[in-house]
Amino acid sequence: MDAAERVRWRFSDGGVTDLLDARSLHCSPEISKRMQFHSSLVQRLGLEKEMEGHVGCVNAISWNSNGSLLISGSDDTRINIWSYANREMLHDIDTGHSANVFCTKFVPETSDDVVVSGAADAEVRVFNLSRLSGRRSREISMEPAAVYQCHSRRVKKLAVEVGNPNVVWSASEDGTLRQHDFRECTSCPRVGLANQECRNVLLDLRCGAKKSLADPPKQPLAFKSCDISSVRPHQLLVGGSDAFARLYDRRMLPPLSSCQTRRKPPPCIKMFCPLHLADNRKSNLHLTHVAFSPNGKEVLLSYSGEHVYLFDVDPDNMSSVRYTPDDVHNQLCLPPFHKEPAIQCSKQNKLRPNNASRNLSRVDMLKKLMQAMIKSLETGTNLMHGIEACCQILEVMDSDIDDKMRHDCLCTRAGLYLKRRWKNDVYMAIRDCNGARNIDFTSFQAHLYMAEALLQLGRLKEACEYTDAANSLVPPYSVSAKQVENIKERLAAAEHEKSRKDQQGNTNVDARHGRLRSLSDLLFRSDVSGSSSQEGREDSDNDDEMELDFDTSVSGDESRDSDPGAVRGSLSLRFHRRDDQTNEQSVDNGLVESSQSASNGDSAHELEVAIDMKQRYVAHCNVGTDIKQASFLGEQGDFIASGSDDGKWFIWEKKTGRLIKMLAGDGAVVNCIQSHPYDCAVATSGIDNTIKLWTPDAEATPMVAGPEIDVLSAIENNQKKLSRNREILL
């Protein structure tokens, strides 16, 4: 390992021996928090115990407040309680649910006697273990203390508030988030009955989803996840069947209402979505998990068919970016030689250190590392490591670099993204090019890579403009001039191919106007594929494109039916043209409800503002299940973890996005990841019927835990699966 490689693997949390010495001297709680998931411990995580007890997929796991107990819910409709001290099952509770349990929690401040579960049968059930007389047996069959049947579709997530033993919140795919107060009632009639009038709807988003930031909310938002901030419990974060996570202040929401009254969606106080996904009209793009950081200052979003993204809650933080629908378009259409207004440039310049304050030895080290990354760019090898090294320089060592080095690093990373070409790498390259041009608006490399990115996206007109701009910045017959000529040749070939396809399309009137001869023609059209090869399709070239939305709701995990005799699904067919997104005809074989009252205010719809990502985490694959979690590890939350469809789970350094650990956690899919409140321990579960407990192991390898496997090959296979993820999943 050379010097550059050793620098790359140094972590910002320092040496563990220094923290141990400091803890012995000062006994500070902050030092203990930093020790919990120190990088040296995270790198040594290994499988300690595989806990058996369920006979179906384990869809939910959660710790109690002090970490002494773990609760789990499964396809077997039971919830189990486990002892952390001896790693054994204490209780096996028959919930009485008729379908898969998707979520379960300990209710705070109840001595861990009250537990709650939500399931695919649309019910929320509460159990009070203190009502058991005498010694508690291992297998428990008892009547629930409360049964709430007011949801009409699967309950996907439960939330509790620290210090509140009386209330639990449930988020369902029926588009409502409900507040259940144990002091008011212990049961409610099943939805649809004449006497069903539960006034517990806190958030009604049955007309709250939208396909782009510019659209008014019209579609039903099927909730997939929710979370309540442990620091600011009035803050409620929700995510579901569109690309936008919404943050609400519970104090500003309307009074609880009945599901019989359909309301216009209340305004959220903040909205989170990566800018490049804010105008993504793919019907299958949705969130599977949302979570607050331990300090409540950040949120983490996991997308189906996409990556994991980190956001700042505070939009005034300069590492985050507020954007409007116009900005979504402008990121690709900023003209060459564009320069940001002085007020924004001045903000960025505040971050640049003066020469006197820089540590020259560290700068020299950074230059050597940059040279190694440039070599990676030139040879086209070790692209992932090159990108991670650039991230480390830009995020961790930012105070040691000046504007020129920052510009060079941004350009280098953009070039590496464009060579790697994993899903949405092209948009990350555009971000870096725009950042480099804000430092030097006459940058040749930034304009050249911008032309390459636009070419990959199929935006040929804009790519040509940037190519001409780059050409004007270099002397003729130089190496740089040859690079420009190469892009010009590829642009000409792309224009020729586009013209050929246009001519071919004009000869087929039916295809030109989006009328297909059969359903199979529609299902397997290449232009609705989510593959990376189609990422470059220019929207303006397909104004007459047709779409099909196919939604199924299957009890249990996404590939199972808990009741073979029941069909719990809906088929929604919407045919429209791209130039008229609102002109949709819908046929639904499920419950059809009028939403005219909710859409009457569309004319007064105000364009919303969203917060852009500040970090992206890439390695896993999330397309097979819609309960896949991404979690902060430890009290500090300095590391991010996510499950994956390949049976692995991955850990990244939060600040840099650098992958530091891959662990084999399941025979099929890892869905749930929950770190212990105070110890360096992580519980995971998935399609297997076991729960796995991971703790530091001196013999564990630094990068891989499990069967020996080539890490890069595993990651590349996951990226191929993401790219092959079709717009229509059957």
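**Hairpins, sheets and a few unusual residues**

A good place to start is the hairpin built from strand 21 and strand 22, where five residues sit between the strands and G296 takes a positive phi near 75 degrees. The model is a predicted one, and everything described here is read from it. The two strands of this hairpin run antiparallel and are joined by six bridges, with strand 21 covering residues 286–292 and strand 22 covering residues 298–304. One of the facing pairs puts L287 opposite Y303 in strand 22. As for its surroundings, seven of the seven residues of strand 21 are buried, so the strand is largely enclosed by the rest of the structure.

A second hairpin turns up further along the chain, made by strand 29 and strand 30, again with five residues between the strands. Here the turn holds G634, which has a positive phi of about 85 degrees. Strand 29 (residues 630–633) and strand 30 (residues 639–643) are antiparallel, and four bridges hold the pair together. Across the pair, A630 stands opposite S642 in strand 30. In a regular strand, side chains alternate between the two faces of the sheet. In strand 29 both faces are covered: A630 and F632 are buried on one side, and S631 and L633 are buried on the other.

Moving on to the sheets, one of them is an open arrangement of five strands in the order 11-12-13-15-19, with antiparallel pairing. Its edges are strand 11 (155–160) and strand 19 (257–258), each of which pairs on one side only. Strand 11 is joined by five bridges to strand 12 (residues 167–172), and the two run antiparallel. Within that pairing, K157 stands opposite A171 in strand 12.

Another open sheet also has five strands, this time in the order 6-7-8-10-14, and its pairing is mixed. Strand 6 and strand 14 (187–188) take the edge positions with a single partner strand each, so one side of each is left without a neighbour in the sheet. Strands of a sheet pair through backbone hydrogen bonds, either parallel or antiparallel. The parallel kind appears between strand 10 (residues 146–148) and strand 14, which are joined by two bridges. In this pair, V147 has S187 of strand 14 as its bridge partner.

The loops around this mixed sheet have some details of their own. The loop between strand 6 (101–106) and strand 7 contains D112, a residue with a positive phi of about 60 degrees although it is not a glycine. The loop between strand 7 (114–119) and strand 8 (124–128) contains D121. D121 is buried yet has no salt bridge, and R125, the nearest side chain of opposite charge, is 5.1 Å away. What the side chain of D121 does reach is the backbone nitrogen of S98, at 2.9 Å. Apart from neighbours within four places in sequence, D121 is in contact with H97, S98, A99 and R190.

N424 is another residue with a positive phi that is not a glycine, in this case at about 65 degrees. Its setting is helical on both sides, as N424 is found in the loop between helix 9 (403–420) and helix 10 (425–439). With a relative accessibility of 5%, N424 counts as buried.

Helix also dominates a stretch that carries an annotation. An unreviewed UniProt entry places the feature "coiled-coil region" at residues 477–504. In the model, the chain over residues 477–504 is 93% helix and 0% strand, with the end C-alpha atoms 38 Å apart.

Finally, there is Q615, which belongs to strand 28 (residues 615–617). This residue counts as buried, with a relative accessibility of 9%. A polar atom of the Q615 side chain lies 3.0 Å from the backbone oxygen of K655, and the backbone oxygen of T656 lies 3.5 Å from a polar atom of that side chain. Leaving aside neighbours within four places in sequence, the contacts of Q615 take in V308, Y309, L310 and E395, along with the run of K654, K655, T656 and G657.

Key
Residues numbered from 1 in each chain as written. Predicted model: local features only at pLDDT ≥ 70, side-chain atom pairs only at ≥ 80, totals over all residues. Heavy atoms only, no water. Buried < 20%, exposed > 50% of the residue type's maximum accessible area, 1.4 Å probe, protein only. Lys, Arg positive; Asp, Glu negative; His and termini not counted. Salt bridge = Lys/Arg side-chain N within 4 Å of Asp/Glu carboxyl O. Polar contact = N/O pair within 3.5 Å; in protein donor to acceptor, adjacent residues only side chain to side chain. Contact = heavy atoms within 4.5 Å. UniProt positions renumbered as here; feature names shortened; annotations may be inferred. Pairing = 2+ DSSP bridges.
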